[in-house]
Amino acid sequence: MRVGVTGHMDLTQATAQLVAEALHAHLEVSGDDLVGVSCIARGADSLFAEAVLQAGGALEVVLPSRDYREAKVKPDHAEQFDRLLKAAQRVRVMDFDHASRDAYEAANEAVMGSVDEMVAVWDGQPGTGKGGTAEVVAEARARGLKVRVIWPEGAARG
């Protein structure tokens, strides 16, 4: 079972805990053949990657650009990012030198194009433009992918 993730980066600390628990509960029943595909950005992507590894699954990382770590990973996320990158069984880097909207869209496409299901850590609100969580959910549904929305009661964005 190949599962990808999309979701908000700006989760409160309390929400991150709620989401981590919900992701773990969802993924622990996926079986021994679980492969999680994530861009390991701050928030939902990294929480999902952690849950995949805790469930005994394999992690595949999709990086939007060659400079993604240097350009976009903040110091308070670097340790987790590096640890998840090291734990990945496969890393795909999109053919972009610099992180950009086009690079993020290519990464979203790579994730959606390689999974059976998408997990969306999403508050259900409309998107603000191309490439956001709401747009990825809509695109995944249009493709016929199963989408599992995770937004626990009491969750909030920071």
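A residue is buried when its relative accessible area is under 20%. The exercises below apply this cut-off to a predicted model.

**Exercise 1. Burial of α2**

Task: Establish which residues of α2 are buried, and what covers them.

Solution:
- Step 1. Locate the helix. α2 spans residues 44-54.
- Step 2. Apply the cut-off. Under 20% relative accessible area, the list for α2 reads A44, D45, S46, L47, F48, A49, E50, A51 and V52.
- Step 3. Draw the conclusion. Since 9 of the 11 residues are buried, α2 is largely enclosed by the rest of the structure.
- Step 4. Find the cover. The elements over these buried residues include the strands β1, β2, β3 (58-63) and β5. The helices α1 and α4 are also among them.
- Step 5. Look past the end of the helix. G56 follows α2 and has a positive phi, near 85 degrees.

**Exercise 2. The surroundings of β1**

Task: Describe how β1 is covered, which strands pair with it, and in which sense.

Solution:
- Step 1. Check burial. β1 covers residues 2-7, and 5 of its 6 residues are buried. The strand is thus mostly covered.
- Step 2. Take the pairing with β2 (residues 35-38). The two strands run parallel and share 3 bridges. Within this pairing, R2 lies opposite V35.
- Step 3. Trace the connection. From β1 the chain passes through helix α1 (residues 13-27) and reaches β2. This β-α-β crossover is right-handed.
- Step 4. Take the pairing with β5 (residues 117-121). Here too the sense is parallel, over 5 bridges. T6 has A120 of β5 as its bridge partner.

**Exercise 3. The position of A140**

Task: Is A140 buried or exposed, and which residues does it touch?

Solution:
- Step 1. Place the residue. A140 sits in helix α6, residues 133-142.
- Step 2. Judge its accessibility. The value for A140 is 0%, so it counts as buried.
- Step 3. List its contacts, leaving out residues up to four places away in sequence. A140 touches M112, M118, L145 and V147.
- Step 4. Compare with a distance along the chain. R157 is 17 residues from A140, and their C-alpha atoms are 23 Å apart.

**Exercise 4. The largest pocket**

Task: Give the volume of the largest pocket and characterise its lining.

Solution:
- Step 1. State the volume. The largest pocket holds about 650 Å³.
- Step 2. Find the centre. Among the 30 lining residues, G7, M9, G131, G132 and T133 are the closest to it.
- Step 3. Assign elements. β1, α3 (68-72), α5 (101-112) and α6 each give two or more residues to this lining. α5 gives the most, with 4 residues.
- Step 4. Sort by character. The lining has 12 nonpolar, 11 polar and 7 charged residues.

**Exercise 5. The second largest pocket**

Task: Repeat the analysis for the second largest pocket: what is its volume, and which residues line it?

Solution:
- Step 1. State the volume. It is about 180 Å³.
- Step 2. Read off the lining: M9, L11, T12, Q13, A16, R42, G43, S46, L47, D76, H77 and Q80.
- Step 3. Assign elements. Two or more residues come from each of α1, α2 and α4 (75-87). The most come from α4, which gives 3.
- Step 4. Sort by character. The count is 4 nonpolar, 6 polar and 2 charged.
- Step 5. Link back to the earlier exercises. S46 and L47 line this pocket, and both are on the list of buried residues of α2. M9 lines this pocket and is also one of the residues closest to the centre of the largest pocket.

Conventions
Residues are numbered from 1 along each chain as its sequence is written. This is a predicted model: local features need pLDDT of at least 70, side-chain atom pairs count only at pLDDT 80 or more; totals for chains, interfaces and linings use all residues. Side-chain values use heavy atoms; hydrogens and water are left out. Buried means under 20% relative accessible area, exposed over 50%, partly exposed in between (1.4 Å probe, protein chains only). Two strands pair if DSSP finds at least two bridges between them. A crossover is right-handed if, with the strands pointing away from the viewer, the path from the first strand over the helix to the second runs clockwise. Contact means heavy atoms within 4.5 Å. On a 1 Å grid over the protein atoms alone, a cavity is a set of points where a 1.4 Å probe fits but cannot get out, and a pocket is an open set with protein on both sides within 12 Å along at least five of seven lines; lining residues have an atom within 4 Å of a point. Grid points are joined across faces, edges and corners, and a volume is the space filled by probe spheres set on the points. Ala, Val, Leu, Ile, Met, Phe, Trp, Tyr, Cys and Pro count as nonpolar, Asp, Glu, Lys and Arg as charged, and the others, Gly among them, as polar.
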